[in-house]
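Hi everyone, thanks for making time today. I'd like to walk you through a structure that will be new to most of you, so let's put it up on the screen.

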Amino acid sequence: MRVALLFPGQGAQSPGLFERLPRHPAVAATLAEASAVLGCEARRLDEAAELERPAAVQLALVITGVAVSRALAAEGFAADAAAGLSVGAFAAAVASGALAFADALRLVRLRAAAMAEAVPAGYGMSALVGLPLRAARELVGRVHGQLPLYLASVNGPAEVVVSGAEDALALAALEAHAAGAATRRLRISLPSHCPLMESVSVRLRAAFAGVALSEPRLAYVSNHRARLAADGTAVAEDLILNVSRPVLWHDSMRLLIELGCRLFVESPPGAVLSGLVHGAFPEARALALEGGSLASAVALARRAHSA
């Protein structure tokens, strides 16, 4: 059986997330490297006031994912595949060996700044839970006929995330509730993964022109295509476009299942991605490292590889 590493995106953050990471030399070294690249004390990015800034959130998530993946590798954890949701894809690219950590930090800082400049205030994202995908697409179409609303991520068979203006999100919530679904506003003040972020992809493409990428050592799954990225160019294309294209997360997980992955280990923070795997693919085991131990993940990976 194969093992996949998962990296969460924006919305999973909470104050003090660095303090909850394993006490491991690789974690400390990663935070020190991030501080040197960013020219500031990286450990402060997880403070409550800092996490009000999208740039701090996105950087903190990538630093966390890289730190944990390095600590796991140092303890003998061997992954076969990596996938990250939204900005988590940058951590997956680093873990796969396709992108240097320093380059990832610089690109994510640019990404966050460009996203903040792309739209005025009054936008956000919401999860719609309990609607089949076809019904969710129809709902988005109806609302979009009146107000800006877009399908941003397909997280599961009956869970999607939508992006748009505040009024559009409110109208979508009313329609979803009337159809018997639940809604949840995400802790994101920007409408990611939709055409409103096209200018961000343009700026990222220009920035990637000066970045060297390598062929991934692990199977890297593209966010917006739910396909394997065979080389560094394909990884870069995914990182450029995932901010302005819907995320096909459920299809990405199904691809990993088809490739033989049966153990999914989710980097902190949170346990959303492992919960999605558990709910949609009962044949797989999903472990969230939030509150867990590196040793448990290493032991489970060894058993999976020997099965």
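Let's begin with a question: is the crossing of H1 and H4 left-handed or right-handed? Before I answer, please keep in mind that this is a predicted model. The answer is that H1 and H4 cross in a right-handed way.

To find the two helices, look for residues 25-38, which form H1, and residues 101-118, which form H4. Their axes are 10 Å apart, and the packing angle is about 55°. H1 and H4 are therefore oblique to each other. On the H1 side, the contact is made by Thr30, Glu33, Ala34, Val37 and Leu38. Facing them from H4 are Phe101, Ala102, Leu105, Arg106 and Arg109. Sorted by class, this contact of H1 with H4 has six nonpolar residues, one polar residue and three charged ones.

Now for a second pair of helices, H2 and H3. Here the axes come within 8 Å and cross at roughly 30°. The cut-off for roughly parallel is an angle under 35 degrees, and that makes H2 roughly parallel to H3. H2 also passes H3 in a right-handed crossing. From H2, the residues Val62, Gly65, Val66 and Ser69 meet Phe90, Ala91, Val94 and Ala95 of H3. The class count for the contact of H2 with H3 is six nonpolar, two polar and no charged residues.

Stay with these two helices for a moment, as they bring us to a pocket. Which elements give two or more residues to the lining of the second largest pocket? They are H2, residues 54-74, and H3, residues 88-95. H2 gives the most, with five residues. The space in this second largest pocket is about 230 Å³. It is lined by 14 residues, and the closest to its centre are Ser69, Ala73, Ala95, Arg217 and Leu218. You may recognise Ser69 and Ala95 from the contact between H2 and H3. The lining of the second largest pocket divides into 11 nonpolar residues, one polar and two charged.

How much space lies in the largest pocket? About 490 Å³. Of its 27 lining residues, Gln10, Gly11, Leu85, Leu186 and Val272 are the closest to the centre. Several elements give two or more residues to this lining: H4, strands S4 (149-156), S5 (159-165) and S6 (182-185), and helix H10 (272-280). The largest share comes from H10, with three residues. By class, the lining of the largest pocket has 13 nonpolar, nine polar and five charged residues.

Next, two details of the backbone. As background, most residues other than glycine have a negative phi, and most peptide bonds are trans. Ser86 has a positive phi of about 60°, although it is not a glycine. You can find Ser86 in the loop between strand S2 (81-84) and H3. The other spot is the bond between Pro268 and Pro269, a cis peptide bond with omega about 0°. Pro269 sits in the loop between strand S8 (261-266) and H10.

One last stop: Arg302, in helix H11, residues 294-306. Which residues does Arg302 touch, leaving out those up to four places away in sequence? Glu75 and Gly76. For a sense of distance, the C-alpha atoms of Arg302 and Leu31 are separated by 28 Å, with their places 271 residues apart along the chain.

Thanks for listening, and I'm happy to go back to any of these views.

How values were computed: Residues are numbered from 1 along each chain as its sequence is written. This is a predicted model: local features need pLDDT of at least 70, side-chain atom pairs count only at pLDDT 80 or more; totals for chains, interfaces and linings use all residues. Side-chain values use heavy atoms; hydrogens and water are left out. Axes are lines fitted to C-alpha atoms, for helices over the stretch in contact, and angles run from 0 to 180 degrees between N-to-C directions. Helices (H or I, at least four residues) and strands (E, at least two) are DSSP runs, numbered from the N terminus. Angles under 35 degrees count as roughly parallel, over 145 as roughly antiparallel, 65 to 115 as roughly perpendicular and the rest as oblique. A crossing is left-handed if the near helix is turned anticlockwise from the far one by less than a right angle, and right-handed if clockwise. Contact means heavy atoms within 4.5 Å. Ala, Val, Leu, Ile, Met, Phe, Trp, Tyr, Cys and Pro count as nonpolar, Asp, Glu, Lys and Arg as charged, and the others, Gly among them, as polar. On a 1 Å grid over the protein atoms alone, a cavity is a set of points where a 1.4 Å probe fits but cannot get out, and a pocket is an open set with protein on both sides within 12 Å along at least five of seven lines; lining residues have an atom within 4 Å of a point. Grid points are joined across faces, edges and corners, and a volume is the space filled by probe spheres set on the points.
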